[in-house]
Amino acid sequence: MLTDEPLTHSVLADRPAPNVLCLTLHRPAQRNAYNAAMIAELEQWLDYSEQNPEIWTVILTGSGSAFCSGADLQEAFSEGGKKVCNRSGGYNPLQHQPRRKIWIAALNGHAVGGGLEMALDCDFIVASEQVKIALPEVTHSLLPLGGAISQLAARLPGNLARELLLIGEAIDAHRALTLGLFNQLAAPDKLKDAALALAARINRGAPLAVQACNALLKQHLTAAADGEDARQQLQQSEDYQEGQRAFIERRPARWQGR
């Protein structure tokens, strides 16, 4: 048991190694889609890790067959998406959330939409060889405003960023590694070991120096634009409403381009 740990239900926690906290997204029936409750729990754990000097590295993974399928769209559509924003206004649970500690995303399963954006917001990504990633927002008449646009613009050539953002099709783990989106791959049964080994390598450095160096790097990689104006304009379109209806009715959307 952790000392003074938050009381949560959709995020599991353990301390698998010295100076390491492991958080597991735990809504397996919903493929670990995040809702307001899960976001609030992750924020409690974020605060806990930031305030605990014995935690230097946080590993974030998922339970079941998925890492995270993004926002719970049933909940998101009920209030125009605002219900699944975090306390800092971010569209994924980690976006715009100040963090000094180093976060490793350990992708045990597929990372889709906001789930991939949450992984990209971490400092390292270790993935199972069977993982696929995708940003399918445009297929629902939505925008990937949880950080994907700025993250991919910083990491990829423009034509490859457009392929992921504008087409919305999934790519496999080996291609994601080749593109530089992942740090390393592991066999499914070795994923946690790989994440812990990476955490141990990071934790060999002086923690305050590691954190300061990471903060300086983020200052150079972070883009200012958040796409809020584009989101508001899109929400006024007929296609935006059609995207919501099609998702809820589980049918292909009939786009009108207006």
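# A tour of helix packing, a cavity and two loops

Select helix α3 (residues 114-121) together with helix α4 (residues 148-155): the two pack with their axes 10 Å apart, at an angle of about 55 degrees. The model on screen is a predicted one. An angle between 35 and 65 degrees falls in the oblique range, so α3 and α4 are oblique to each other. Their crossing is left-handed.

To see where these helices touch, show the side chains of E117, L120 and D121 on α3, then those of A148, Q151, L152 and R155 on α4. Colour this contact of α3 with α4 by class, and it divides into three nonpolar residues, one polar residue and three charged ones.

Keep α4 on screen and add helix α5 (residues 158-167). The axes of α4 and α5 come within 8 Å and cross at roughly 155 degrees. Angles over 145 degrees count as roughly antiparallel, and α4 is therefore roughly antiparallel to α5. The crossing of α4 and α5 is right-handed.

Which residues make this second contact? On α4 they are A148, I149 and L152, and on α5 they are A161, L164 and L165. By class, the contact of α4 with α5 has six nonpolar residues, with no polar and no charged ones. A148 and L152 deserve a second look: they belong to the contact with α3 and also to the contact with α5.

Next, hide the helices and turn to the interior. How many cavities of 30 Å³ or more does the structure hold? There is one. The largest cavity has a volume of about 40 Å³. To outline the largest cavity, select W56, T57, I102, I202, N203, G205, P207, V210 and Q211, which line it. Now bring up helix α8 (residues 207-221), which gives the most to this lining, with three residues. Coloured by class, the lining of the largest cavity shows five nonpolar and four polar residues, and no charged ones.

The last two stops are single residues in loops. Go to N19, in the loop between β1 (11-17) and β2 (20-25). N19 is not a glycine, yet its phi is positive, at about 65 degrees.

Then move along the chain to S141, which sits in the loop between β8 (132-134) and α4. What is the sign of phi at S141, positive or negative? The phi of S141 is positive, at about 55 degrees, although this residue is not a glycine either. From S141 the view can return to α4, the helix at the end of this loop, where the contacts with α3 and α5 can be shown again.

Notes:
Residues numbered from 1 in each chain as written. Predicted model: local features only at pLDDT ≥ 70, side-chain atom pairs only at ≥ 80, totals over all residues. Heavy atoms only, no water. Axes fitted to C-alpha atoms, helices over the stretch in contact; angles between N-to-C directions. Helix = DSSP H or I, 4+ residues; strand = E, 2+ residues; numbered from the N terminus. Parallel < 35°, antiparallel > 145°, perpendicular 65-115°, else oblique. Left-handed = near helix turned anticlockwise from the far one by under 90°. Contact = heavy atoms within 4.5 Å. Nonpolar A, V, L, I, M, F, W, Y, C, P; charged D, E, K, R; others polar. 1 Å grid on protein atoms, 1.4 Å probe; cavity = no way out; pocket = protein on both sides within 12 Å on 5 of 7 lines; lining within 4 Å. Points joined across faces, edges and corners; volume = space filled by probe spheres on them.
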